[in-house]
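Visitor: I am new to this structure and would like a close look at a single part of it. Please choose one strand and lead me through its surroundings step by step.

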Amino acid sequence: MALDPSFIGRSYPPTEPYEVGREKIREFAVAIGDPNPAYLDREAAKELGHPDVIAPPTFPFVLSYQAAAQVVEDPELGLDFSRVVHGDQKFTYRRPLRAGDRVRVEITIDNIKSLAGNDVLTVRGELVEEGGEPIVTSIMTLVARAADEQAGE
């Protein structure tokens, strides 16, 4: 069943603050195989003008994906997560995410459309520092694949 487009514009409560830690940044950088010293060494980051180590550009996905669970689990929306694939991910930065930031994620459904029987859902996450400073916008596209009629679904 197609998702209801009246959900476009629906926002969800901000997440609890998440404190970005040096060790989490290091673990993420190692996991993605990026040895950039600005991710691993505070002094190297300072030499580049940052107050502490910065997170790799895709690190905000960790936070925005967790926050998007509010959309996925919204019973009124009726998204069948067993059919969902991650279609696309984009980030728009105001500044790098850095160790010591305490951020909340504010999630909004930006778009719902049907394409070849699939539901395409665009979810925007605004990562905002606890004091209100916007840091990064995450745009996530989820595709709920159409049921396979021949399989009896």
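Guide: What follows is a walk around strand E4, beginning with the whole chain and ending with the core. Please keep in mind that this is a predicted model, and that the description below is a reading of that model.

The chain has four helices and five strands, and read along the sequence these follow the pattern β-α-α-α-α-β-β-β-β. The C-alpha atoms fill a box of roughly 60 × 30 × 20 Å, taken along the principal axes. Of the 153 residues in the chain, 39% are buried, and among contacts between residues at least 6 apart in sequence, 70% join residues at least 24 apart.

The five strands form an open sheet, in which the order is E1-E3-E4-E5-E2 and the pairing is antiparallel. At the edges stand strand E1 (18-19) and strand E2 (84-93), each of which pairs on one side only. Strand E4, which runs over residues 118-129, sits between E3 and E5 in the order of the sheet, and so both of these partners deserve a look in turn.

On the side of E3, the two strands pair in the antiparallel sense over twelve bridges, and one of the residue pairs across them sets Ile 112 opposite Leu 121 in E4. E3 and E4 also make a hairpin with two residues between the strands, where Ala 116 takes a positive phi near 55°.

On the side of E5, the pairing with E4 is again antiparallel and extends over ten bridges. Here Val 123 has Met 140 in E5 as its bridge partner, while Leu 127 stands opposite Val 136 in E5. These two strands form a hairpin as well, with four residues between them, and Gly 132 in that turn has a positive phi of about 110°.

How enclosed is E4 by the rest of the structure? Ten of its twelve residues are buried, so the strand is largely enclosed. Thr 122, which lies in this strand, can serve as an example, because its relative accessible area of 16% falls under the 20% that marks a buried residue. Leaving out residues up to four places away in sequence, Thr 122 touches Thr 108, Ile 109, Asp 110 and Asn 111, and also Ile 139, Met 140 and Thr 141.

In a regular strand the side chains alternate between the two faces of the sheet. With that in mind, we can turn to the core to which the strand contributes.

The largest nonpolar core has 36 residues, and those with the most contacts inside it are Val 71, Leu 77, Leu 79, Leu 97, Ile 107, Ile 109 and Leu 121. Strand E4 supplies at least two residues of this core, as do strand E3 (102-115), strand E5 (134-144), helix H1 (22-32), helix H2 (37-40) and helix H4 (60-72). Leu 121 is thus a residue that we have met twice, once opposite Ile 112 and once among those with the most contacts in the core. Ile 107, another of that group, is in contact with Val 123, Arg 124 and Gly 125, and its contacts beyond four places in sequence also include Ser 64, Ala 67, Ala 68 and Val 71.

Definitions and conventions
Residues numbered from 1 in each chain as written. Predicted model: local features only at pLDDT ≥ 70, side-chain atom pairs only at ≥ 80, totals over all residues. Heavy atoms only, no water. Core = buried A, V, L, I, M, F, W, Y, C linked by side-chain atoms within 4.5 Å. Buried < 20%, exposed > 50% of the residue type's maximum accessible area, 1.4 Å probe, protein only. Contact = heavy atoms within 4.5 Å. Pairing = 2+ DSSP bridges.
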